[in-house]
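Please open the model in your viewer and keep the selection tool at hand. The stops below can be followed in order.

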Amino acid sequence: MNFAKNAPKPAKLNPNMGLKDRNTFGFESQAEFAYEVTTPEQLPDLMKSIQDQGLAWRVLGGGSNVILPADLPGATLLMNIAGQAILSSDDKNTLISVGAGVNWHELVTWTLEQNLPGLENLALIPGTVGAAPIQNIGAYGVEIGEYIDSIEAFDTAAHAFVTLPRDACQFAYRDSYFKQHPHQMIVTKVVFKIPKEWTPRLQYADLAKQFSQSPTTPTAEEIYIAVCKIRTHKLPDPKVIGNAGSFFQNPIVPNSQYDTLIQQFPQMVSYPDVPGKHKLAAGWLIDQCGFKGITMGPVGVYENQALVLVNHGSGTAKDILGLAKTIQDKVHQEFGVHLLIEPNIL
Ligand SMILES: Cc1cc2nc3c(=O)[nH]c(=O)nc-3n(C[C@H](O)[C@H](O)[C@H](O)COP(=O)(O)OP(=O)(O)OC[C@H]3O[C@@H](n4cnc5c(N)ncnc54)[C@H](O)[C@@H]3O)c2cc1C
């Protein structure tokens, strides 16, 4: 790679890098060329070199929402851009700018330490800040898109840095412009807008239950602690058992299909979605098909939560996709509903 004399320090190259520790499934995977990106300024030269050589490439954050194959040819960009700062604060909002490589949960904790409540429902979601807008991470009734002011990214098609205001990001349930246009934008920084006015968001049953006996309105810190407690209880720790959180999206169906299903299965777990649609709990559908806790070779379905597929040790992308296909086929056969895989197959 050629760099101009005064160009910023190039991204560090690690040839043939093992990524077992950089994906929460714990799959053995080897990146032909892994580049550690620590500043946005490294991207123009790096991407030019990659594109000029016609190399395959992809971006990797914390690896908590990916299915990695055994070999990743070409360039893998490890997003390690650090740093967070309060940009401005007025009567209504506080703006904070955060590097794409910052750990998501550490950011949530930091905002609370700065007395900036708002992100507490999203505590303990693994991964990096730069990946959070890609699938518009969400939990306990809150989606991150609501708190994003703008995104700074390197547009690999235009070969230029761009700032995308929130409206341009097209946030939807586990979806965004970035997810719809893979390989275009490399997110370098996220600017969050945290409103000064705060109200607890307790509409989700699990969370509401925690505070049902509480005589006073819970604080953001109390909600943060409750969310961490519920998640630790419900979800397997990837350090102990490989997984990528929810493996399937909750399917959204038209009311006509919902009406037929609920008549047939009155116990079905579902939530009203946008007008005319209902969101079905994918975990319930999978559980009804008898998959909870099963194993299929080295992979399986988590015993406490049917939506989570796990790697018991020596599993591969092929194993997990084989299990996913078995589940998708059975759920379709039983309920006529197609389950979409949530993690990105790199
Ligand atoms: C135990 C567990 C629980 C989870 N719970 C939730 C949950 O409650 N809600 C939820 O929404 N998700 C959840 N997830 C999924 C995951 O944590 C999120 O999707 C997270 O945002 C992924 O971050 P990451 O840095 O690990 O991204 P990666 O897995 O590294 O990447 C995910 C995708 O984003 C792309 N990408 C990453 N960084 C960038 C960047 N800077 N620019 C452009 N593209 C990029 C990658 O190419 C890939 O396509 C969970 C995962 C686990 C393991």
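The tour goes from the core to the salt bridges, and then to a buried polar residue and a surface patch. Bear in mind throughout that this is a predicted model.

**The largest core**

Begin by selecting Trp104, Leu107, Leu119, Val129, Ile144, Phe192 and Leu207, which have the most contacts inside the largest nonpolar core, a set of 43 residues. To see where this core draws its residues from, colour strand E7 (93-99), helix H2, strand E10 (148-155), helix H3 (177-180), strand E12 and helix H5 (220-234), the elements that give two or more residues to it. Among these, H5 gives the most, with seven residues. In soluble globular proteins, nonpolar side chains tend to be buried together.

Now centre the view on Phe192 and show its surroundings. Leaving aside neighbours within four places in sequence, Phe192 is in contact with Thr94, Leu95, Ile96 and Val98, with Trp104 and Leu107, and also with Val129, Ile144, Tyr147, Ile148 and Asp149. Apart from this core lies another one, of 32 residues, which can be located by selecting Leu285, Cys289, Ala306 and Ala324, all four of them among its members.

**Three of the salt bridges**

How many salt bridges does the structure hold? There are nine, and three of them are visited here, beginning with a pair that includes Asp149, already met as a contact of Phe192. Side chains of opposite charge can pair when their charged atoms come close.

Select Lys193 and Asp149, which form a salt bridge whose closest N and O atoms are 4.0 Å apart. The pair links distant parts of the chain, since Lys193 belongs to strand E12 and Asp149 to strand E10, 44 residues apart. Both partners are partly exposed, Lys193 with a relative accessible area of 35% and Asp149 with one of 25%.

Move next to Lys12 and Glu36, whose side chains meet in a salt bridge at 3.8 Å, N to O. Lys12 lies in strand E1 (residues 12-18) and Glu36 in strand E2 (residues 30-37), so this pair ties together parts that are 24 residues apart in sequence. Glu36 counts as partly exposed, at 22% relative accessibility.

For the third pair, select Glu334 and Lys330, where the side chains meet in a salt bridge at 3.3 Å, N to O. Here both residues sit in helix H8 (residues 317-335), and because they are four residues apart they are separated by about one helical turn. Glu334 is partly exposed at 38% relative accessibility, and Lys330 is partly exposed as well, with a relative accessible area of 28%.

**A buried asparagine**

Select Asn136, found in the loop between helix H2 (104-113) and strand E8 (138-139). Is Asn136 buried or exposed? With a relative accessible area of 1%, Asn136 is buried, and its side chain makes a polar contact of 3.0 Å with the side chain of Glu143. Not counting residues up to four places away in sequence, Asn136 touches Glu143, Ile144 and Gly145, together with Phe171, Ala172, Arg174 and Asp175; of these, Ile144 was selected earlier as one of the residues with the most contacts in the largest core.

**A nonpolar surface patch**

Finally, switch to a surface view and select Tyr204, Val269 and Tyr271, which form a nonpolar patch with about 230 Å² of accessible area together. Tyr204 is found in the loop between strand E12 (185-195) and helix H4 (205-210), and at 32% relative accessibility Tyr204 counts as partly exposed.

Notes
Residues are numbered from 1 along each chain as its sequence is written. This is a predicted model: local features need pLDDT of at least 70, side-chain atom pairs count only at pLDDT 80 or more; totals for chains, interfaces and linings use all residues. Side-chain values use heavy atoms; hydrogens and water are left out. Buried means under 20% relative accessible area, exposed over 50%, partly exposed in between (1.4 Å probe, protein chains only). A polar contact is a pair of N or O atoms within 3.5 Å; within protein, one must be able to donate a hydrogen and the other to accept it, and residues adjacent in sequence count only if both atoms are side-chain atoms. Contact means heavy atoms within 4.5 Å. Patches are made of residues with over 30% relative accessible area and no salt bridge: like charges are joined within 9 Å, nonpolar side chains (Val, Leu, Ile, Met, Phe, Trp, Tyr) within 5 Å. Accessible areas come from the Shrake-Rupley method with a 1.4 Å probe; for residues, only the protein chains shown count as cover. A nonpolar core is a set of buried Ala, Val, Leu, Ile, Met, Phe, Trp, Tyr and Cys residues joined through side-chain atoms within 4.5 Å.
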